[in-house]
Amino acid sequence: MADFGGTDLEAFRGEVREWIAANFPAALKGRANPMMREERSKPSAEQEQWRKAMGEKGWGVPTWPAAYGGGGLSGGEARVIQLELNRAGAYNPIGGMGVMMFGPTLLEYGTEAQKQEHIPPIVRGDVQWCQGFSEPGAGSDLASLQCKAEDKGDHFVINGQKIWTSGAQFADWCFCLVRTDTSKKHEGISFVLFTMHQPGVEVRPIPLIAGNSPFCETFFTDATADKKNLVGPLNGGWTIAKRLLQHERSGLSGAGGGGGGMFGMAKSLDVLAKEYVGTDEAGRISDSDLRTRIINNAIDARAFQQTAVRAMMEAKGNSGPSAATSIMKNAGTRVMQDRAELTLEIMGSQGLGWEGEGFSADELSAVRGWLGGKAVTIYGGSFEVQNNIISKRILGLPDLTQNH
Ligand SMILES: Cc1cc2nc3c(=O)[nH]c(=O)nc-3n(C[C@H](O)[C@H](O)[C@H](O)COP(=O)(O)OP(=O)(O)OC[C@H]3O[C@@H](n4cnc5c(N)ncnc54)[C@H](O)[C@@H]3O)c2cc1C
């Protein structure tokens with residue numbers, strides 16, 4: 001019996017199992033998390049009921065402090081909750097950018113008043129956040145950002161444009177990097193929070209090749225942010241942004257343990273290959289080269305997942321993620337993209353359908369998954385930029401770039 005943080009995990013497992021059985025609506029069993037889909041703007045009664053139950057319990061963010069509504073639990077207990085949710089065919093309804101990156105950053109850098117105001121609504125899943133970082137001329141070189149905030153006494157007035165703002169069309173609030181000093185680059189950036197429900201905010205969704213519209217161009221014309229919603233010091237936003245990006249990379253790779261990572265596909269590759277490619281007389285996948293590549297992907301995925309779980313269990317000191325999240329992001333991304341490539345290869349021409357009765361639901365989602373997967377080596381900082389961070393911050397190699 002494992003024991004982390006002095007708690008009897010088996011007794012806790014029983015408690016969790018009982019609570020899920022009593023609270024998880026049977027109608028949602030096996031359903032995908034609406035947080036991950038565009039239907040999240042119009043949830044069903046059962047989805048709302050489940051969100052409220054998990055939100056009040058604090059188990060959607062099990063390791064966050066109980067003082068702000070979180071579970072106040074250890075990494076080991078959080079893992080038990082995730083495993084029990086999986087076992088019951090349930091999803092964690094509390095998620096999004098508030099959980100993955102903004103909340104943990106505010107817990108570290110926010111004032112007590114900011115934490116009291118913004119953390120509980122994230123814990124309950126009442127408020128959705130979006131990330132206003134990238135601009136048309138500021139992606140990898142994020143510190144080139146130009147979106148400007150003028151000091152007007154008790155508030156800032158914000159003018160400028162952001163781009164690739166994921167979920168901006170569904171978001172209630174934005175955590176945003178703004179320029180508050182034009183004479184300096186990194187030291188002229190501040191981290192502010194403001195509501196998206198105000199006249200100076202315009203959101204234009206951008207359609208993607210994968211067939212949906214997960215992100216937007218976002219324009220600010222005299223939008224306002226209260227001074228009380230400046231996080232950290234004026235012109236001190238760069239440090240906070242870098243920390244937030246570590247949380248983002250940790251969450252994107254699946255290494256954050258929140259279950260929102262890259263390994264959510266239903267059928268395993270070997271099962272798929274046996275169905276589509278067939279088996280030899282020994283019952284193995286008939287194409288030996290394909291077999292080897294499927295095994296390599298399975299080994300990489302298992303090694304990645306074990307490393308992610310170990311990192312989470314070891315993070316008892318609550319020091320949070322480090323530059324090593326860049327390694328986890330690139331490693332997780334590679335496994336996920338390899339898997340998407342192999343899936344299409346296994347399905348052959350059946351994996352190329354976009355719509356129509358000649359294709360199963362799995363086949364139709366395979367090509368969308370493959371196309372959508374192209375984005376993961378870009379968002380949260382591109383693959384190449386992560387390699388730069390690994391070289392500089394972990395390997396200690398000389399910095400030959402101008403970027404973060
Ligand atoms: C699906 C998706 C969702 C996103 N969601 C958000 C969001 O919610 N909020 C937000 O603010 N942003 C978001 N982004 C933006 C994302 O963070 C940027 O796209 C990313 O940082 C890269 O910036 P860029 O697109 O401007 O590319 P560029 O910075 O122009 O890079 C172009 C290419 O050059 C390479 N490159 C650039 N600099 C270097 C260097 N120094 N060394 C080596 N290679 C380099 C890059 O790796 C890339 O291949 C999202 C992006 C995508 C695709």
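Me: What makes the side chain of Ser140 a polar contact of the ligand?

Reply: This is a predicted model, and in it an oxygen atom of the ligand is 2.6 Å from an N or O atom in the Ser140 side chain. A polar contact needs a pair of N or O atoms within 3.5 Å, so this pair counts. Ser382 offers another such pair, with its side-chain N or O atom 2.5 Å from a ligand oxygen. At Gln131 a polar backbone atom does the job, 2.8 Å from a ligand nitrogen.

Me: How much of the ligand does the protein bury?

Reply: The ligand exposes 980 Å² when taken alone, and the protein buries 69% of that.

Me: Which elements give two or more residues to the shell around the ligand?

Reply: Those are β5 (155-166) and α11 (383-394), with β5 giving the most, three residues. By class, the shell has 10 polar, seven nonpolar and one charged residues.

Me: How do you know where the ligand lies relative to domain 2 and domain 3?

Reply: Look at who supplies the shell: domain 2 (129-237) and domain 3 (258-394) both give residues to it, so the ligand lies between them.

Me: Now for α6. What makes helix α6 largely enclosed?

Reply: Buried means under 20% relative accessible area, and 15 of the 17 residues of α6 pass that test, so the rest of the structure largely encloses this helix.

Me: And how do you know what span to expect for α6 (residues 237-253)?

Reply: At 1.5 Å a residue, its 17 residues should span 24 Å. The end C-alpha atoms are 24 Å apart, which agrees.

Conventions. Residues numbered from 1 in each chain as written. Predicted model: local features only at pLDDT ≥ 70, side-chain atom pairs only at ≥ 80, totals over all residues. Heavy atoms only, no water. Helix = DSSP H or I, 4+ residues; strand = E, 2+ residues; numbered from the N terminus. Expected span 1.5 Å × (residues − 1). Buried < 20%, exposed > 50% of the residue type's maximum accessible area, 1.4 Å probe, protein only. Polar contact = N/O pair within 3.5 Å; in protein donor to acceptor, adjacent residues only side chain to side chain. Areas by Shrake-Rupley, 256 points an atom, 1.4 Å probe, with all protein chains shown as cover. Nonpolar A, V, L, I, M, F, W, Y, C, P; charged D, E, K, R; others polar. Domains from an automatic or database assignment.
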